[in-house]
Amino acid sequence: MQGFEGMDGELLDTAVGQLVPAGSMFAFLAAHRAEVFPDADYADLFAPPGVGRPSLPATRMAAVLVLQVLHDYSDREAAGAARFDVRWKVAIGAPLDDPGFDPSSLVYWRNRIARSARPDRINDAVRKIVAETGVPRGRRRRAVDSTILADAVATQDTVTQLVSAIRRVAREVPGAAEQIAAVCTGHDYSRPGKPAIDWDDPGAKDALVSALVNDANAVVAALQDRDLDERAGSALALLALVAGQDVEPAGGSDGTDGRWRIARKVAGDRVVSTVDPAARHTRKSGEARRDGYRAHVAAGPETGIITGEKLTRAAGTENSDPAVAEEFLAAEAGSPGSPAAGEADDGAAAGQDLSWYGDSAYGTGDLLGAICDAGHQAVIKPKPLQAPVKGGFTVDDFTVDERQGTVTCPAGHAVALSRTRVATFGVLCRNCPLRARCTTCKTGRKLVLHPATTCSAPPAPTGPPAAGRAGTTRASRAGRSSVSPECASSWKIHSSGTSSRFRAACSRSSAVCEPIVSSFFCRSLETRA
């Protein structure tokens with residue numbers, strides 16, 4: 001049941017409290033923790049009164065969790081500070097002779113909160129207080145960034161995943177162990193670990209994969225019509241996913257004869273471990289592959305205050321940097337701490353609400369369009385243009401006529417822009433003298449323009465048009481669009497029929513987020529069995 005904090009402090013405790021500097025976080029929590037983290041907000045985490053032993057007070061543990069993140073302490077360091085540091089004792093309302101708590105209590109509290117209907121309740125309380133102080137008001141800059149949090153479980157290969165998933169079904173689904181023993185012939189699933197085969201023999205490995213996949217399919221077929229609870233249903237669904245994500249029909253098989261092999265490519269959203277099914281493969285670069293999660297933050301560069309945070313899977317379009325940044329952008333609209341219209345800013349462009357800073361990962365047309373539509377300013381480092389041929393023509397060297405619906409290449413060949421905004425030059429590239437600088441593709445150059453591209457032709461000139469330039473504009477982004485895949489972030493300024501490239505410069509780097517991302521999120525991860 002829920003425990004409550006006693007308010008009958010001793011005289012010595014009150015005297016020691018005077019030593020804590022006024023205006024510090026310790027003094028603030030000492031005076032207001034009961035208002036910021038009221039007991040009623042945590043009643044749903046516990047059994048009814050009179051059932052079980054009283055827990056540690058919610059007001060005290062919430063304050064400990066906040067101080068732990070603020071100081072970037074481990075669980076053991078935080079528990080030690082709560083026992084020996086007078087400032088911490090004052091902040092959390094613990095008597096001087098309080099023996100503290102075991103470090104595992106922090107794991108317990110994080111797990112209970114993470115599994116509740118309101119897993120962000122502590123962050124929401126802190127965010128509300130920050131907004132009420134008025135600190136974010138008038139500060140119109142937001143830096144967005146992300147980092148990869150490595151998972152704490154080992155990445156599993158296909159064979160290990162299949163064996164583990166079948167064993168998990170045997171544990172979680174009532175009566176499944178007997179069913180598995182009856183229908184599975186590829187392995188003795190009562191024993192953990194990989195089957196004993198000659199792993200240097202490709203034929204033996206293929207035979208084992210076929211047997212395990214067939215066993216998994218047989219188990220799913222035998223249990224799929226049962227009425228299962230959430231835990232058992234999740235175990236069966238995971239088995240079905242694992243059985244299909246890494247395999248494909250063997251050579252000469254159509255998938256109906258029970259012959260399978262490891263797929264020659266990695267699934268886009270591959271589950272890397274049955275112990276933690278939410279972990280994913282990802283890359284920070286072409287060489288650095290990581291497994292785990294992606295932590296996203298938005299922060300004020302001047303104060304370092306985090307205004308938005310989210311922990312996502314490491315892979316998937318919906319978990320990408322620009323997609324989550326759009327969520328931060330939407331959350332800023334109407335937030336209590338957002339600046340009022342017409343309010344004096346701190347250096348952001350006049351007439352703009354917020355200035356968003358980010359690296360090239362955020363330079364997509366969709367995000368830039370969302371920032372523009374919200375009336376904000378994007379100060380985002382563009383991605384460099386990639387040419388199919390080193391030193392050759394990029395998409396900036398092509399001319400788009402939106403009125404005529406055509407795209408003209410550097411050699412002067414014009415082709416129609418399709419309904420899906422694809423320009424295919426095809427046979428025109430065959431004998432083109434500039435082909436070596438344009439493409440290496442046998443079928444010729446192809447441009448795919450992003451749906452958000454706003455490449456509109458300039459107004460018709462009143463005087464004689466320049467040869468080959470009237471009613472045309474370069475393929476570029478007018479403040480919000482992108483050209484995919486070759487142009488991700490190139491902006492143009494058009495004047496008098498000429499073009500000059502503008503690269504948005506980040507005067508304040510989004511690297512301000514890096515020192516605080518990992519410490520903020522590592523303790524938000526639910527400890528998994």
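**Note on side-chain contacts in the predicted model**

1. D321 is found in helix α12, which spans residues 321–332, and the points below concern a predicted model throughout. The residue counts as buried because its relative accessibility is 11%, where buried stands for anything under 20%. Two side-chain contacts of D321 deserve a look. In one, a polar contact of 2.8 Å joins its side chain to that of S146. In the other, D321 forms a salt bridge with R294, and the closest N and O atoms of that pair are 3.7 Å apart. This salt bridge links distant parts of the chain, since D321 belongs to helix α12 whereas R294 belongs to strand β5 (residues 289–299), 27 residues apart. R294 is likewise classed as buried, with a relative accessibility of 9%.

2. How many salt bridges does the structure hold? The total is 18, and beyond the D321 pair a few others can be singled out. Salt bridges with shared partners join D124, R127 and E309 into one network. In general, side chains of opposite charge can pair when their charged atoms come close.

3. K194 takes part in two kinds of contact. It forms a salt bridge with D157, in which the closest N and O atoms are 2.5 Å apart, and this pair too links distant parts of the chain: D157 is in the loop between β1 (141–150) and α8 (158–172), while K194 is in the loop between α9 (176–183) and α10 (202–223), 37 residues apart. The charged end of K194 also sits over the ring of W199, at 5.1 Å from the centre of that ring. Both partners of the salt bridge are partly exposed, D157 with a relative accessible area of 32% and K194 with one of 42%.

4. A further salt bridge brings together the side chains of E248 and R261, at 2.9 Å from N to O. E248 lies in strand β2 (residues 247–249) and R261 in strand β3 (residues 260–262), so the salt bridge ties together parts that are 13 residues apart in sequence. The accessibility values place E248, at 22%, among the partly exposed residues, and R261, at 25%, is partly exposed as well.

5. Three aromatic pairs turn up when the whole structure is searched. One of them is formed by F46 and W109, whose ring centres are 5.6 Å apart and whose planes meet at 65°, so the arrangement is edge-to-face; the angle that calls for this label is one over 60 degrees. F46 is in the loop between α2 and α3 (58–71) and W109 is in helix α6 (residues 104–114), so this pair ties together parts of the chain that are 63 residues apart in sequence. Both rings belong to buried residues, F46 as well as W109. F46 has another neighbour in R112, which lies over the face of its ring at 5.6 Å from the ring centre.

6. Is the pair of Y73 and W88 stacked or edge-to-face? It is stacked, with 5.7 Å from centre to centre and 10° between the planes. The two residues come from distant parts of the chain, Y73 from the loop between α3 and α4 (75–84) and W88 from helix α5 (residues 86–92), 15 residues apart. Their accessibilities fall into separate classes: Y73 is partly exposed, with a relative accessible area of 23%, whereas W88 is buried, at 0%.

7. Two residues deserve a check of the backbone. D72, in the loop between α3 and α4, has a phi near 55°, which is a positive value in a residue other than glycine. R421, in the loop between β11 (414–416) and β12 (422–424), also has a positive phi, near 65°. As background, most residues other than glycine have a negative phi. D72 is partly exposed at 45% relative accessibility, while R421 is buried, with a relative accessible area of 16%.

8. Helix α2 and the loop that follows give two last points. F28 lies in this helix (residues 25–36) and is partly exposed at 31% relative accessibility; together with M25 and L70 it forms a nonpolar patch on the surface, with about 250 Å² of accessible area for the three together. D39, in the loop between α2 and α3, is 19 residues from A58 in sequence but 6.0 Å from it in space, C-alpha to C-alpha. D39 counts as partly exposed, with a relative accessibility of 22%.

Terms used. Residues numbered from 1 in each chain as written. Predicted model: local features only at pLDDT ≥ 70, side-chain atom pairs only at ≥ 80, totals over all residues. Heavy atoms only, no water. Patch = residues over 30% accessible without salt bridge, like charges linked within 9 Å, V, L, I, M, F, W, Y side chains within 5 Å. Areas by Shrake-Rupley, 256 points an atom, 1.4 Å probe, with all protein chains shown as cover. Salt bridge = Lys/Arg side-chain N within 4 Å of Asp/Glu carboxyl O. Helix = DSSP H or I, 4+ residues; strand = E, 2+ residues; numbered from the N terminus. Buried < 20%, exposed > 50% of the residue type's maximum accessible area, 1.4 Å probe, protein only. Phe/Tyr/Trp six-rings, centres within 6.5 Å; stacked < 30°, edge-to-face > 60°. Lys NZ or Arg CZ within 6 Å of the ring centre and 35° of its normal. Polar contact = N/O pair within 3.5 Å; in protein donor to acceptor, adjacent residues only side chain to side chain.
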